[in-house]
Structures are given as structure tokens and as C-alpha cells.
Amino acid sequence: MFPLSILDLAFIAESSTAADALHNSRDLARHAEKLGYTRFWLAEHHNMTGIASAATAVAIGYVAAGTQTIRVGAGGIMLPNHSPIVIAEQFGTLETLYPGRIDLGLGRAPGTDQRTWRALRREADASERFPQDVLELQALLGPLQPDQVIQAVPGTNTNVPLWILGSSLFGSQLAAVLGLPYAFASHFSPDALMDALAVYRERFQPSAQLDRPYAMVGCNVIAAETDAEAQYLFTSLQQRFADMLRGRRGLLPKPIDDIEDYWSGPEKAQAQRMLACSFVGSRESVRAQLQAFIEKTDADELIVASAIFDHAARKRSYEILAEIQPTLGLAAVAV
């Protein structure tokens with residue numbers, strides 16, 4: 001079947017806590033494992049009161065400890081925030097504890113605001129060294145070399161599979177040159193999606209990790225029993241994007257009856273552009289939208305985010321998606 005995975009931002013909903021969000025993440029991962037999803041990723045964000053996965057490696061370990069077979073990983077680690085050896089040690093430890101189940105997606109953005117980025121103690125040019133840091137990290141996770149002085153322990157020779165994440169041509173070019181799988185963040189920044197996929201596939205160079213291009217594409221899916229119910233649930237994410245445009249990043253809000261009363265015309269236009277890769281509706285509506293998206297992008301895999309306020313409704317959305325999975329796309333070889 002066409003591979004489907006989950007990107008969980010560990011949203012903290014109104015009237016709940018960070019502990020609730022992390023418990024829900026592990027519960028959702030267990031549910032996804034039973035439903036046959038390929039991987040479950042968490043993302044690094046800092047100084048955001050509505051996201052509980054800032055200590056991403058810790059959150060991944062918590063989820064991996066509560067599951068048995070599903071791949072668990074980072075979507076992603078913002079490498080300019082860290083020294084490569086620290087990430088090699090963290091993910092080498094995860095791979096040692098949960099062998100064959102850990103993914104390491106790497107991003108170049110800070111995943112936060114500028115003041116918080118400076119509080120992370122990183123140099124001003126850290127993002128410019130991203131390609132070199134990826135190579136250093138890859139080497140630290142690879143086999144021990146003759147006369148190698150610095151080792152990641154655990155980490156050396158764990159060969160944790162690396163992914164390059166991005167929402168621009170930079171990431172697609174780097175993934176192609178390094179021969180790594182590529183994940184595009186079209187669930188919130190879709191503008192360069194088609195150009196980035198084209199560049200990645202045209203310039204891909206085979207590597208020890210991957211012999212052909214492998215592109216995973218992000219999207220939002222809100223599925224429910226009816227189109228109207230799904231649209232109602234979707235208003236939580238729509239409110240969140242409107243709030244972001246207003247400079248506010250709070251908790252995930254409850255859904256509302258009429259989103260048009262919440263946002264202005266310009267906010268609506270900008271939010272809809274950012275949420276263009278969002279597929280909302282009943283089982284049949286979502287199936288048709290996703291099928292068209294897969295055909296348009298020729299994606300090898302989809303990674304799905306679902307910012308739904310009610311945890312039970314979020315689990316049901318992923319159940320509906322799993323039910324339509326056999327009808328989606330063509331079979332692809334998982335990385």
C-alpha cells in the first residue's frame with residue numbers, strides 16, 4: 001500500500017497541559033502502529049507555548065518506549081541549533097535502545113524566533129554551515145575510521161538514516177547532492193513544492209543510504225464522518241494560522257462554528273495560501289483530494305499532520321485515513 005506516516009507537533013490544546021500533549025502523542029503513536037502507519041515523527045520548536053516537543057530526542061524516546069514496530073523520529077531536528085556530536089549521541093542512543101526504528105530528519109531553520117535562537121547559544125552563521133554539519137553528523141553515525149579521534153558513544157556505526165527536510169530549493173539541492181531522502185514541509189509552506197521536487201529528482205546522486213530519489217510530502221488531513229464535521233474541526237488549525245499572522249502563538253483553540261467571523265480578508269487569504277495542502281472532509285472527499293495530490297506530486301510517501309483539538313476526533317481522523325489507504329496511489333518501497 002501507499003506509505004502513510006504521521007507528523008505530530010505535540011500540540012497543547014486549550015485547558016490542557018504539556019504532559020497531556022505528550023501522553024496523547026504516545027497514545028496516537030500506539031494507535032498509528034496498529035493501523036499500519038510507516039513512521040511517527042515529532043518536530044523541534046522552541047519558545048512556543050502550544051507545542052510540547054522542544055526536547056525532541058526525549059519526546060522521541062518516550063514515544064518509542066511505548067511502541068514496538070513503528071518507526072519513530074524527528075521531523076525534524078533543527079541542526080543549526082546543535083553541535084553535530086550532541087545529535088549523534090542523542091540519536092545513537094535512541095537507535096541503540098530501539099534498533100531499526102529511528103529516523104533523523106534534519107532542518108536548517110531555527111524552529112523559533114531570533115531571540116530564542118540566540119538563547120540556544122548558536123553562532124550567527126550556524127545555518128550557513130548546515131551542509132558541513134550534516135556531513136559531520138553522518139560521519140559520526142557511520143563506521144569508525146582509521147585514526148578517528150572523536151567518537152559519538154553511543155552513535156558510531158549506528159548508521160541512523162538521515163533525511164533532509166525543507167520548504168525551499170536549498171534543501172532539495174542538498175538532499176540530491178548527498179543522496180538522501182527528502183521531506184518537503186508543504187503542510188505549512190507549499191509555495192515551492194513542485195519546483196523543489198523537480199530539482200531533487202533531476203539532480204539526485206545515489207549514495208550508500210539510497211539508490212534512487214525518495215520524496216515524502218507533508219500535508220494536513222482532517223477527516224470525519226461528514227464534510228461539515230471535518231470543516232468544523234479544521235477551524236482549530238485555521239484559527240491558529242490566523243493567530244500566527246497576528247504575532248500570537250498560543251494553545252490550540254477549540255473549533256468554532258464560523259471561521260469567517262474570526263479572521264479578516266487578508267488573514268484568510270494568507271492562511272489559505274499556507275494551508276493549501278490541507279485535505280478536509282468525509283472519507284470519500286479526503287480520498288479524492290489525496291489521490292489527486294499524490295498524482296500531482298508523484299510522492300513516494302505522505303506525512304500527515306492533523307491539528308485536531310479533541311484527541312478522540314484526531315484518532316478517528318487517522319482511522320478514516322487508514323481505511324482509505326488501500327485505494328491511494330501506487331505501492332512504493334519504504335526507506
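**A colleague's note on this predicted model**

1. Let me start with Gln291, which lies in helix H10. Please keep in mind throughout that this is a predicted model. Gln291 has a relative accessible area of 16%, so it is buried, the cut-off being under 20%. Leaving out residues up to four places away in sequence, Gln291 touches Thr327, Leu328 and Gly329.

2. Just after H10 comes a backbone detail worth a look. Asp298 sits in the loop between H10 and S9, and has a positive phi of about 55° although it is not a glycine. Asp298 counts as exposed because its relative accessibility is 55%, and exposed means over 50%.

3. Ser15 makes a natural companion to that point. This residue is also not a glycine, yet Ser15 has a positive phi of about 70°. Its place is the loop between S1 and H1. With a relative accessibility of 75%, Ser15 counts as exposed.

4. Now to the interior. The largest nonpolar core has 105 residues, and those with the most contacts inside it are Phe91, Leu104, Val134, Leu290 and Leu302. Strand S7, residues 215-223, gives the most to this core, with seven residues.

5. Phe91 deserves a closer view within that core. Setting aside its neighbours within four places in sequence, Phe91 is in contact with Ala57, Ile60, Ala74, Ile77, Ile102, Asp103, Leu104 and Val160. One of these partners, Leu104, is itself listed among the core residues with the most contacts.

6. Next along the chain is Gly92, placed in helix H3, which covers residues 84-97. Gly92 has a relative accessible area of 0%, so it is buried. Not counting residues up to four places away in sequence, Gly92 touches Ile87, Leu141, Pro154, Gly155 and Thr158. The C-alpha atoms of Gly92 and Asn159 are separated by 8.2 Å, while the two residues are 67 apart along the chain.

7. Pro154, one of the residues touched by Gly92, brings up the cis peptides. The bond from Val153 to Pro154 is cis, with omega near -10°. Pro154 lies in the loop between helix H5 (130-141) and strand S5 (162-166). A cis bond is also present from Gly75 to Gly76, where omega is near 5°. Gly76 is found in strand S3, residues 71-78. Both bonds would be good places to pause while you have the model open.

8. Asn159 returns when we turn to the pockets. The second largest pocket has a volume of about 230 Å³. Its lining consists of 14 residues, of which Gln138, Asn159, Val160, Ala208 and Gln209 lie nearest its centre. Val160 is also a contact of Phe91. What is the make-up of the lining, by nonpolar, polar and charged residues? The lining divides into eight nonpolar, six polar and no charged residues.

9. Finally, helix H11, residues 311-324. Its 14 residues should span 20 Å at 1.5 Å a residue, and the end C-alpha atoms are 20 Å apart, which agrees. The buried residues of H11 are His311, Ala313, Arg314, Ser317, Tyr318, Ile320, Leu321, Ala322 and Ile324. What covers these buried residues? The cover includes strand S1 (4-8), helix H1 (18-35), S7, helix H8 (227-245), helix H10 (283-297) and strand S9 (301-305). That brings us back to H10, the helix that holds Gln291, and to S7, the strand that gives the most to the largest nonpolar core.

Note on methods:
Residues numbered from 1 in each chain as written. Predicted model: local features only at pLDDT ≥ 70, side-chain atom pairs only at ≥ 80, totals over all residues. Heavy atoms only, no water. Core = buried A, V, L, I, M, F, W, Y, C linked by side-chain atoms within 4.5 Å. Buried < 20%, exposed > 50% of the residue type's maximum accessible area, 1.4 Å probe, protein only. Helix = DSSP H or I, 4+ residues; strand = E, 2+ residues; numbered from the N terminus. Contact = heavy atoms within 4.5 Å. 1 Å grid on protein atoms, 1.4 Å probe; cavity = no way out; pocket = protein on both sides within 12 Å on 5 of 7 lines; lining within 4 Å. Points joined across faces, edges and corners; volume = space filled by probe spheres on them. Nonpolar A, V, L, I, M, F, W, Y, C, P; charged D, E, K, R; others polar. Expected span 1.5 Å × (residues − 1).
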